[in-house]
Amino acid sequence: MTIAAPDQVSLRETITAAAVHGRYMLRNVRLNNAVTATGAIETAGAEFFLADLTVEHGKILAITPAAIHPHPAGIISLDAGGRIVLPTFVDCHTHLDKGHILPRTPGADGSFPGAMSSTGADRLANWNAEDVARRMDFALRCAHHYGTSAMRTHLDSAPPQDTISWPVFEQLREAWRGRIDLQAVCLVGIDFARNEAALDALAQRVAAAGGVFGAVAFPVPDIDALLDRMFATATRYGLDLDFHADETADPAANSLHRIAEAGLRARFSGKVLVGHCCSLATQDSSIVDRTLDTVAAAGLAVVSLPMCNLYLQDRRHDGTTPRWRGVTLLHEMRRRGIAVALGSDNTRDPFYAYGDLDLMETYRMGTRILHLDHEVGDWPRAVSATPASIMRLDGRGMMGEGLAADFILFEGRCWSELLSRPESNRIVIRSGAPIASPLPSYGELDDLAGLAPR
């Protein structure tokens with residue numbers, strides 16, 4: 001029996017009912033070649049192909065070419081009408097501990113220095129365990145609603161904040177197990193590495209929590225020695241690395257190149273992700289070529305944060321208009337085989353006053369800001385398969401037979417339709433069934449912002 005569902009509400013209801021039976025088929029879905037393991041299906045040269053998707057007991061049983069003939073009896077068959085299906089999102093650069101503090105940071109002015117100072121003051125005044133846990137859980141509920149199934153968050157980790165935020169993170173990771181796979185990265189300034197004992201203690205904390213080692217690699221005279229110490233410590237504890245670098249328009253900022261050189265010196269065998277890298281877009285081509293060749297040789301991956309960097313970079317308070325987009329050179333990186341991803345970064349805090357951890361919004365804005373179109377190619381991997389690989393999450397960010405039936409059914413049938421609307425009526429399917437996870441109300445956090453009694 002084939003059930004035609006002409007609208008998203010009806011389709012959600014019929015899939016929910018079908019999932020109870022344990023096995024159903026979504027007919028005429030439009031799958032993207034870049035994020036689908038197609039097996040024996042011939043799809044060469046096509047961005048999308050029409051397929052029939054069979055789900056059984058929470059897994060993808062089969063992906064077959066869309067058929068016009070009736071399917072075997074005994075399986076519920078739903079006609080998706082050519083709607084696009086993509087794998088659930090993987091967000092490899094967020095700051096859950098900073099999220100939603102904007103209402104209580106009146107000093108934030110949209111600049112990087114203003115964000116640093118106002119966030120630091122708020123952390124000292126307010127970041128106890130309850131405050132951090134409630135804001136992080138709120139953010140996770142938003143991300144889950146939109147279809148994110150894995151996420152990496154940076155955690156401000158300069159003592160004593162590490163003793164607060166890491167235990168909170170570990171509790172939330174357990175509470176969210178099966179909905180969002182969570183990773184955490186310690187975030188300190190690179191100058192923190194001057195204290196070998198403190199750095200070693202932090203590495204032990206991170207290793208015990210199964211985390212990732214990280215720092216903000218801002219320019220200091222001894223940055224090369226400090227990076228060497230970071231790589232050596234990560235090697236000693238078997239940790240991957242994740243850096244912030246060059247979040248500035250200053251063409252003299254070259255921490256990305258220095259991180260790549262440090263990785264080569266260390267012969268580092270772990271994974272290294274570097275975020276932002278904005279200054280690369282302001283440098284001469286000869287410097288860019290030398291840096292990216294070194295990054296490729298070192299095997300680094302890069303994540304761009306298009307919305308946050310568009311917000312912060314080149315902000316002017318003199319009544320003039322910003323002159324650049326604030327993002328890094330992803331096209332040049334991809335041509336060299338460098339793994340590149342897009343991430344949400346900050347959410348409603350002094351570093352980015354907006355956002356809701358919707359990685360589809362990030363991809364939609366990234367497409368416009370970075371021109372990830374004409375042709376789209378494999379850019380959809382930047383919010384799914386690529387960050388999943390960076391995070392060592394086998395099976396995440398792809399559609400394929402035998403993988404978990406974790407995917408998102410959109411209303412759009414082509415890129416223009418998909419990226420022209422927020423797609424707030426998307427159907428997020430986890431383990432074969434649509435989730436019922438409404439967006440939380442901002443009012444839940446009013447007492448944390450001093451707006452209402454709890």
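**Exercise 1.** Which residues form one aromatic cluster?

*Solution.* In this predicted model, the cluster consists of Phe48, Tyr363 and Trp415. By the ring-centre rule, the count comes to 10 aromatic pairs.

**Exercise 2.** Classify the pair of Trp166 and Phe169, and place both residues in the fold.

*Solution.* Step 1: the ring centres of Trp166 and Phe169 are 6.0 Å apart and the planes meet at 75°. Step 2: an angle over 60 degrees counts as edge-to-face, and this pair is accordingly edge-to-face. Step 3: both residues belong to helix H4 (residues 161–175), where a spacing of 3 residues separates Trp166 and Phe169 by about one helical turn. Step 4: Trp166 has a relative accessible area of 0% and is buried; Phe169, at 1%, is buried.

**Exercise 3.** Determine the geometry of the pair of Phe231 and Phe268, and state which parts of the chain the pair ties together.

*Solution.* Step 1: with centres 5.2 Å apart and planes at 85°, the rings of Phe231 and Phe268 are edge-to-face. Step 2: Phe231 lies in helix H6 (residues 223–237), whereas Phe268 lies in the loop between helix H7 (255–266) and strand E13 (272–276); the pair therefore ties together parts 37 residues apart in sequence. Step 3: the cut-off for buried is under 20% relative accessible area, so Phe231 is buried at 0% and Phe268 is buried at 15%.

**Exercise 4.** Which ring face does Arg179 lie over, and which does Arg315 lie over?

*Solution.* Arg179 lies over the face of Trp176, 3.7 Å from the ring centre. Arg315 lies over the face of Tyr311, at 4.5 Å from the ring centre.

How values were computed:
Residues numbered from 1 in each chain as written. Predicted model: local features only at pLDDT ≥ 70, side-chain atom pairs only at ≥ 80, totals over all residues. Heavy atoms only, no water. Phe/Tyr/Trp six-rings, centres within 6.5 Å; stacked < 30°, edge-to-face > 60°. Helix = DSSP H or I, 4+ residues; strand = E, 2+ residues; numbered from the N terminus. Buried < 20%, exposed > 50% of the residue type's maximum accessible area, 1.4 Å probe, protein only. Lys NZ or Arg CZ within 6 Å of the ring centre and 35° of its normal.
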